[in-house]
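Let's take a walk through this structure together. Keep the sequence and the 3D view open as you read.

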Amino acid sequence: MRFSTNSCFLCGAPAQAPQDTVPVLAPWLLDRYQLSKRQMRLLDQSVVAYEELRIPCCPQCRLQAVEPLEAHMAEVANGGLTAWQQMNEQQLFLWLGKMFYGILLTELLTELDPLIKPQYPLSENGQMLGKLQSFYQVFQALRVPIVFEDFTPASVFILEVDPAEDTIPFEYDDDLSTMMFSIKLDNVVLVACLLDNGIIRQAMRRVYEDVQGKALHPVQVAEFKARVYYAAYLFNVVPDYYVRPVKPGDQQLVYDTLIDDVTREIFNPWENSGYAQSLQEMWKRWRLELPEIMRNPAQPLSFLYDEEGMPRTIVSYPEPT
Ligand SMILES: [Zn+2]
């Protein structure tokens, strides 16, 4: 793992900008949602247009890994919800991982020559760099055949949004230090924690089951996301990965994993006050503030469940009285 403007983001081989680069958000995505000129603000307060967001990539990784993946993803996007649900999970992880890592790498490279030094530079965040190192190992599956033995590196959730009150065709958000990434494409929202070995999905099994087959109101999607983002914030371990010794004739690498759940708890304790902040952040668009969210401190406001814990259906928000 090397952070340099002259090293391929995937394999580390020399890559000469500007020709040896790939876009973080693929051209098909920018075209589909007319995003080329949309801008994002980096942590050093500089501003970059989506179409200028590029990371170093050697020709081999570009031609053999990145471009074939993006061509496939453009087809999946055309197929809509069913195509997303039928997708190979490892490929979905790699695609989301590519965008997540592309944004993170952009931030790290920008920090080498920042406009304004960020208050909390990512490059000084040792815990995040440790996670990134583990992520980089499993992310190699984008360029070499890797089998994950009895585990999946990430938790990926696929949600469906009811189009009735859904006004935003595309959005994405992330939390770089907790390895969270979420993207919305029309009526499909993908939410992923990219380095938890699927543990958050396991922990949220019931909630995820309760939303299956339902077109959710956007305010419910936001709540679901708040739960996953908060869980990722509480997630307290970094998985280790081991490559099995390679024998002659092997066509793929096999990875095993280990999580240290002996010396540390997998999750820090859930606190409703912390969760409420995550809700407030996700519910910004609806201007739901903490006093309302925490009216019942033991049970923060929910649009997914009623007070008896039964799944709710929300048709419109604000709800008719
Ligand atoms: Zn490469």
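## What counts as a contact

Two residues are in contact if their C-beta atoms, placed from the backbone, lie within 7 Å. Keep in mind that this is a predicted model.

With that in hand, which residues is valine 228 in contact with, leaving aside its neighbours within four places in sequence? They are Phe157, Val191, Cys193, Ile200 and Met204.

## The nonpolar core

Val228 also shows up in the largest nonpolar core, which has 74 residues. Along with Cys57, Cys193, Leu194 and Ala232, Val228 touches the most other members. Helix α7, residues 218–234, gives the most to this core: 10 residues.

## A helix with a kink

Now look at helix α2, which covers residues 59–85. If its 27 residues formed a straight helix, you'd get a span of 39 Å at 1.5 Å a residue, but the end C-alpha atoms of α2 span only 31 Å. Follow the helix along and you'll find a kink of about 120°, centred on glycine 79.

Which residues of α2 are buried? They're Cys61, Ala65, Val66, Met73 and Trp84. The elements covering them include two strands, β6 (155–161) and β9 (188–193), as well as α3 (89–111) and β1 (21–23).

## A hairpin to finish

Strands β7 (residues 170–175) and β8 (residues 180–185) run antiparallel, joined by 6 bridges. One of the pairings puts phenylalanine 170 opposite its bridge partner in β8, leucine 185.

Between the strands of this hairpin there are 4 residues. Check out methionine 179 here: its phi is positive, near 65°.

Definitions and conventions:
Residues are numbered from 1 along each chain as its sequence is written. This is a predicted model: local features need pLDDT of at least 70, side-chain atom pairs count only at pLDDT 80 or more; totals for chains, interfaces and linings use all residues. Two strands pair if DSSP finds at least two bridges between them. The expected span of a helix is 1.5 Å times one less than its number of residues. The bend at a residue is the angle between axes fitted to the seven residues ending there and the seven starting there. A residue is buried if 20 or more other C-beta atoms lie within 10 Å of its own, exposed if 12 or fewer, and partly exposed in between; C-beta atoms are placed from the backbone. A nonpolar core is a set of buried Ala, Val, Leu, Ile, Met, Phe, Trp, Tyr and Cys residues joined through C-beta atoms within 7 Å.
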